[in-house]
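Student: I would like to go through this model with you and ask, for each label, what justifies it.
Tutor: Then let us look at it together and set each value against its definition.

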Amino acid sequence: MDKQLAHDIINICSKTEEGATVEDCAEQLDLKGGQLAQLFTVFDELARSGVLMRIAGERYLAAQKSAEITGIYKGYTKNFGFVITNDLKEDVYITESNRHTAMNNDKVQVRLLQSSRGHRQEGEIIRIIERANTTVVGTYDRQQNCGFVIPDDERLREDIYVPLDKTLNARSSARVLVRITRWPEENRKAEGEIAEVLGYDGDKDLDIKVIMARHGLPFDFPEAVKKEAEAINQTVVPTADRRDYRDRNLITIDSEDAKDLDDAIDVVRLPNGNYRLGVYIADVSWYVRPQSAIDQEAYNRGTSVYLVDRVIPMLPTVLSNGICSLNAGQDRYSMTCVMEIDSQGQVVHADIGPAVIQVKRRCNYHEVKKALLEGIVPDDLRPFMPMLRELRELSDILKAMRLRRGAIDFDFPEYKVILDPDGKPLRLERRDRSIAEQIVEESMLIANETVASYLRDSGNPSVYRIHEIPEPERLEMMRTVLSSFDLPVPDADEVKPADFQQLIEKSKGTDAEAVVQTIALRSMQQARYSTVNAGHFGLASKCYTHFTSPIRRYPDLMVHRLIRQFQSEGKLTEKEASLSLSFHTQAADQASTRERVAVEAERETDDLKKAEYMVPFVGEAFDAHITGITSFGLFVGLENGIEGLIHISLLTDDDYEFDEASYTMRGRLGGHVYRLGDSIEVTLAKVNTDRCEIDFVPGRVDSLEDLQQRMAASMEKRHHRSKETTKRDWMNDAGHKPGKKDKKGKKNKKNSRVKKSGRKTKKKKARKGRKTGRK
C-alpha cells in the first residue's frame, strides 16, 4: 500500500461529518489516468481494513483519526529506530516495516499506533517532511551496468544507486561523497551522483578527507569566490575617516605557525595612572562586502575549522593570510577598540572605529613567556619589553576584576597531536596557558565586552555571544556527583557564576580538584550567538560579543559591520531595525550551527590521530583516573590526554552496576565503588582506528596472550547479554522501554549497551568546552 496516498485519503475522509467518496479523493488529489487505479486499490484496502467506515451510499468517513506528531527519525538497528519529538515525553518506537524510506535524522510525520507489543509508544512514519542527508559518505561498489554507494553510517541503511555516467570514474572500493538526486521510495533505492572521489585505502590523508566530507566541510572555494578574491585592491591608503595609528608600537602575539594574524595590541601608561589599551583587529568588513560571493561563502562556512593537519579557512588565502593579516612592517586597515582602563580594571572611556595601522613586531607565545618569566630577551624584542611588562600588569588587573565579579576560570590542559609529513602521529604535546596567552586573552575579553556594550547602547539590533544559566537538572547531577565531598555546591534555585568559582577554588589542591573541574564544566550550557542579550554566565558578564577574530568567525564580521552602520547611519528606523533583527537572528543561528559542526570535526580528527598514536602501545600499562561513568563502563584518562573505555564486562572482580543516584559504579557482592576522579591502573587492550575507540582493561596484564583471553571473554559476555536482551525484548515482545528522557530530550541509556554514537557522545560531554575555548 502507498502510505502517502493512504494518509491523504484518510485526511480527505476526515474533513467533514459527511465523509467523502473515492471520486472526491480523485478530484482533490488531482489524480488522473493510471494514478486512479492505484487510488481505487488503496481506497478499497482502507475500507476493507476498517480504517474507512461507509456511512451512506459510497461515502466513507475515517473511522478514527489517529494522533500525528512531527519529530526527527533516529535509526538504531536494522530492525527498528525512534522518532524523537518535543510533543511527547517518550520517543516513538518505529519498526523497520513502518519506517517507509525514512533515513537517519530525517524530519518526519508519524501516526501513533495502538501497540500490541507492550511498547510505551509505537508509530508509523507517514510523511517525510525534510530530508537530512543530501550528501552521504560511503564506499563505491562498481557492478556491470551500474554502481552503488554503501554508506559509512550504518543507520542510513539504504545503499544509493549511481548510474555509470555519474561516478566521476571512481573504481570499486573508492571512498566517495555521493550527492542524492532522488530520494528512496517504496521498493526503490535512493539515486545519486558522486560529487567527490575522496580516495582509496592507503592514500595519505584519506581518513581526514572522509571526516571533512562527513561533516560537509568544503575542500575548496567556488570559482566565483576565487575570482572576487583575485580582484581585491590590496593598496592601503590612509583616509580622513580612519584614525592613523601607524606611529604606535603595535605588536602581535600568536603561535609560531599562525598565518592569519587578526589582532594586534599596545598599551601606554597615562599621566593619570590609567592604562590606554589598544586592541586593533583586521578590518575584514572593508574587503568583504554584503551579498558578495566571498560574503555568501563566509556566511555558509561560518567559521574557520582547525583540523589536526590543516586549516579550512572561512576566507580565501589572499584575505586570511594576505591583506587582512596584520603582518609586521605593512600598513593594514583595522577596526580598533582603544580603551582607557583604571587600576580596578574598569573601562572609563573607549574609542571604537576604523583606523590604519602598522605592526612593528611579530611576537610568539614562547618567546614572550621566556622574556617575562626568565629574562631571556632577543635583541629585537628589547625595545618592546617595557610595554610587555605593562601588558602583564594590566592583564593581572583585568583577570582580578573578572574573578571579583565571579567569572569562572577553568584551567584544563590542551594536548596537541604532532604529525610527521605523512600525517602519522609522532607525539602528544601538552599546551598550558602561559602569561603570554593570558595577556592576549584578557585584552580580547575586555575589547569584546566594550564593543558589546557600545552596540547595546546604540539601540540597534546586534549579535551577542551568550552563555545561559546552567539548567537545574545538570546542577542536580553535579550535586549528586559531589555529594561525597565537603564542598560548597551551587544551589540550583539561585545559581551565580561566583558559586562555581568558589567551588573550584575550594577544591584546588585536594583529591576532588579534577572531579570538580570536570563535572562543573559538564553542568554548563553551550555558548552560542544570539540577538538577545542574555549575558555570559561563565564570564560573569552582562554583555558580551565576538569582535576580535573576523578572519575566522562570521559573527565578528557582522559586529564590525554593525559598528560601521551605527557610526554612519545612527539609530535605525523601526522598519530598518526589524529587517536587521530578522537577518541577524537567522545569521546568529547559522553561525552557532556551523561552530558546532567545526567543533565536532576538530574533535573527530583529534580522536582519530590519538587512536593511531596509541596503536603501538597495546599491552602496556598506564596510570589513569576515571573521567566518566556510564551503565556500560568506565571512561578513563591518561596523563597524556588520551581517553578510553573500560567496558563493564571487564570488571570481573564483582557484579557491577551503575548507581545513577550517586553517579558511581558499585559492586553488588563485594561493595567496591568506582567514583569520578579515582586513580586506577589500566592496560591498553585494543585500538579501533576506524571508530576512534580505545579500550582498556583494569590492572596490569602480564602478557598479550592473557590480554587477548580477557578481551575474548569480555566479547563473549557482551554477545551473550546482547543475545538475551534481543530475545527477551524483540522476539518475545516483552517491550522495549526507551530510557527516560531528561528535559533536553536525551535518553538515559541505563541497562543498554550504547553503540558507537553513544560512546562518542559521552566522550564529547567529558571534554565539552575544552578545545573550543570559545568564550
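Student: Which residue stands opposite Met665 in strand 30, and how do you know that strand 29 and strand 30 pair?
Tutor: Met665 stands opposite Tyr674 in strand 30. Two strands are said to pair if DSSP finds at least two bridges between them, and two bridges join strand 29 (residues 664-667) to strand 30, running antiparallel, so the criterion is met. The strands themselves are DSSP runs (E, at least two residues), just as helices are runs of H or I with at least four residues, numbered from the N terminus. This is a predicted model, in which local features need pLDDT of at least 70 and side-chain atom pairs count only at pLDDT 80 or more, while totals for chains, interfaces and linings use all residues. Residues are numbered from 1 along each chain as its sequence is written, and side-chain values use heavy atoms, with hydrogens and water left out.

Student: What makes strand 28 and strand 30 edge strands?
Tutor: The open sheet has three strands in the order 28-29-30, with antiparallel pairing. Strand 28 (656-659) and strand 30 (673-674) each have a single partner strand, so one side of each lacks a neighbour in the sheet.

Student: What does the UniProt record say about residues 619-699?
Tutor: An unreviewed UniProt entry annotates residues 619-699 as "domain: S1 motif"; such positions are given in the numbering used here, feature names are shortened, and annotations may be inferred rather than shown by experiment. In the model, this span is 0% helix and 58% strand, and its end C-alpha atoms lie 11 Å apart.

Student: Why is strand 4 called largely enclosed?
Tutor: Four of the five residues of strand 4 (residues 80-84) are buried, so the rest of the structure largely encloses it; buried means under 20% relative accessible area, exposed means over 50%, and partly exposed lies in between (1.4 Å probe, protein chains only). Strand 4 is joined to strand 3 (residues 68-75) by four antiparallel bridges, with a hairpin of four residues connecting the two, and Tyr73 has Val83 as its bridge partner in strand 4. Strand 4 also pairs with strand 5 (residues 92-95) in the antiparallel sense over four bridges, where Phe80 stands opposite Thr95.

Student: What makes Tyr76, Phe80, Phe82 and Tyr93 a cluster?
Tutor: Ring pairs link these four residues, and rings of Phe, Tyr and Trp (its six-membered ring) pair if their centres lie within 6.5 Å, with planes under 30 degrees apart counted as stacked, over 60 as edge-to-face and the rest as tilted. The structure holds 19 aromatic pairs.

Student: How do you know that Glu124 and Met314 are buried, and that Gln291 is not?
Tutor: Glu124, in strand 7 (residues 122-130), has a relative accessible area of 8% and is therefore buried. Met314, in the loop between strand 18 (311-312) and helix 8 (317-323), has a value of 1% and is buried too. Gln291, in the loop between helix 6 (284-287) and helix 7 (293-301), has 58% and is therefore exposed. Gln291 also has a positive phi of about 70° although it is not a glycine.

Student: What is the case for Asn105?
Tutor: Asn105 has a relative accessible area of 30%, so it is called partly exposed. Asn105, which is not a glycine, has a positive phi of about 80°.

Student: What makes Arg465 a charge over the ring of Tyr529?
Tutor: The charged end of Arg465 sits 4.6 Å from the centre of the Tyr529 ring, and the definition asks that NZ of Lys or CZ of Arg be within 6 Å of the ring centre and within 35 degrees of the ring normal. Arg242 likewise lies over the face of Trp286, at 5.1 Å from the ring centre.

Student: Why is the set that includes Leu277 called a nonpolar core?
Tutor: A nonpolar core is a set of buried Ala, Val, Leu, Ile, Met, Phe, Trp, Tyr and Cys residues joined through side-chain atoms within 4.5 Å. The largest such core has 79 residues, and Leu277 is one of those that touch the most other members, alongside others including Ile251 and Phe547. Helix 11 (residues 435-458) gives the largest share of this core, nine residues.
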